[in-house]
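Hi everyone, thanks for making time. Let me put the structure up on the screen and then walk you through it.

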Amino acid sequence: MEDKELLEKIRNADTRNYGFNLLVRVYQQRVYWHIRKMVIDHDDADDVTQEVFIKIHKNIDNFREDSQLYTWIYRIATNECLSFLQRKKRRFFLPIADVSKELSAKLDSSSHVSGDEIQLKLQKALLKLPDKQRVVFNLKYFEDMSYEEIAAITNTSVGALKASYHHAVKKIEDFLSA
């Protein structure tokens, strides 16, 4: 189903709930995995995903269609991820290195993380990146989004995103070759 059709159903009082349920079905898995790559823990990713869809539900009438629906949804998801990680750091008064260690330990112990040793090493390398660089890398590398799409999601210039992605790749290469 096209985003335009979803929005028509959501904006029609008679089909609003049905339309929103369809939107959740269409985007839930993609949003979950985008969030999961950032927060690592399955339960945290579930919680943040739920918060994202609550925000979407509350604010869908404010969506002006200046961008594509998925861009708007990813912007909400990205902001929720970054807010969640900030709250986690503040709540436990953890320096960034400790949060990285905690998430890395979750990678090692999680039954929800699959993959070979190289995949695990890549995920650990990603945890060494600053949150915003990790968002850019995940959207470009895993989601295969264009810099223009990422710019719309992150509200960042294409040039800054290219630099951020380049720095992220260099840091990951350095970590993997160590």
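I'll start with the core, then turn to aromatic rings, and end with one helix pair.

Keep in mind that this is a predicted model. Its largest nonpolar core has 48 residues, and those with the most contacts inside it are Leu23, Tyr27, Ile35, Ile56 and Leu69. Several helices give two or more residues to this core, among them helix 1, helix 2 and helix 9. Helix 4 gives the most, with 11 residues. If you click on Leu69, you'll find that it touches Asp3, Leu7, Leu23, Tyr27, Ile60 and Phe63, leaving aside residues up to four places away in sequence.

Now the rings. How many aromatic pairs does a search of the whole structure find? The search gives eight. One of them is Tyr70 with Tyr74, edge-to-face, 6.2 Å centre to centre and 85° between the planes. Both tyrosines lie in helix 4, four residues apart, about one turn of the helix. Tyr74 counts as buried because its relative accessible area is 0%, and Tyr70 is buried too, at 10%.

Phe137 and Phe142 also pair edge-to-face, at 6.2 Å and 80°. Here Phe137 is buried at 4%, whereas Phe142 is partly exposed at 27%. Ring pairs link these two with Tyr141, Tyr147 and Tyr165 into a cluster. The charged end of Lys140 sits over the ring of Tyr147, 4.5 Å from its centre.

Lastly, helix 6 and helix 7 pack at about 145°, with their axes 10 Å apart. On the helix 7 side, the contact residues include Phe137, Tyr141 and Phe142. Over the whole contact, six residues are nonpolar, two polar and one charged.

Notes
Residues are numbered from 1 along each chain as its sequence is written. This is a predicted model: local features need pLDDT of at least 70, side-chain atom pairs count only at pLDDT 80 or more; totals for chains, interfaces and linings use all residues. Side-chain values use heavy atoms; hydrogens and water are left out. Axes are lines fitted to C-alpha atoms, for helices over the stretch in contact, and angles run from 0 to 180 degrees between N-to-C directions. Contact means heavy atoms within 4.5 Å. Ala, Val, Leu, Ile, Met, Phe, Trp, Tyr, Cys and Pro count as nonpolar, Asp, Glu, Lys and Arg as charged, and the others, Gly among them, as polar. A nonpolar core is a set of buried Ala, Val, Leu, Ile, Met, Phe, Trp, Tyr and Cys residues joined through side-chain atoms within 4.5 Å. Buried means under 20% relative accessible area, exposed over 50%, partly exposed in between (1.4 Å probe, protein chains only). Rings of Phe, Tyr and Trp (its six-membered ring) pair if their centres lie within 6.5 Å; planes under 30 degrees apart count as stacked, over 60 as edge-to-face and the rest as tilted. A charge sits over a ring if NZ of Lys or CZ of Arg is within 6 Å of the ring centre and within 35 degrees of the ring normal.
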